[in-house]
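Hi everyone, thanks for coming. Today I'd like to walk you through one sheet and what lies across it. Here is the model.

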Amino acid sequence: SPREALRSFVRAYQARRWDVMLRYVPKRYRERMDVDTMRRQFDGEKGDETADMMKKIAAHLDEPITINGAEARMAYDERYEVIFRREEDGWKIADLD
């Protein structure tokens, strides 16, 4: 489910398991990414901003998720939302803000 994907993604982030996080990236992005790319994106130059965003997402993991076909959305922190896309191998995190 989208919620299970998000929970796993957040747990992987908290554990700095960039390889696991990569599993939840949509195929169209994953083809251009690797573990180092994930690390730089989530723990690099904007690491503090990313940490704040991930804390907000973690605090809202139980928010309602609206599923519409192969897309799902979960609002968090008033003006942001997580967008999910269902692919052949499960739900992926398409956008976090």
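**A walk across the sheet**

Let's start in the middle: strands β2 and β3 (residues 80–87) run antiparallel and are joined by six bridges. By strand I mean a DSSP run of E with at least two residues, and a helix is a run of H or I with at least four, both numbered from the N terminus. Two strands count as paired if DSSP finds at least two bridges between them.

A word on the source: this is a predicted model, where local features need pLDDT of at least 70, side-chain atom pairs count only at pLDDT 80 or more, and totals for chains, interfaces and linings use all residues. Residues are numbered from 1 along each chain as its sequence is written, and side-chain values use heavy atoms, leaving out hydrogens and water.

Back to β2 and β3: Glu 71 sits opposite Arg 85, and Ala 72 faces Phe 84 across the pair. Their hairpin has three residues between the strands, and Asp 77 there takes a positive phi near 50°.

On to β1 (residues 66–68), which pairs with β2 in the antiparallel sense over three bridges. Here Asn 68 is opposite Glu 71. Two residues separate β1 and β2 in their hairpin, and Gly 69 in that turn has a positive phi of about 65°.

Putting this together, the open sheet has four strands in the order β1-β2-β3-β4, with antiparallel pairing. β1 and β4 (90–95) are at the edges with a single partner strand each, so one side of each has no neighbour in the sheet.
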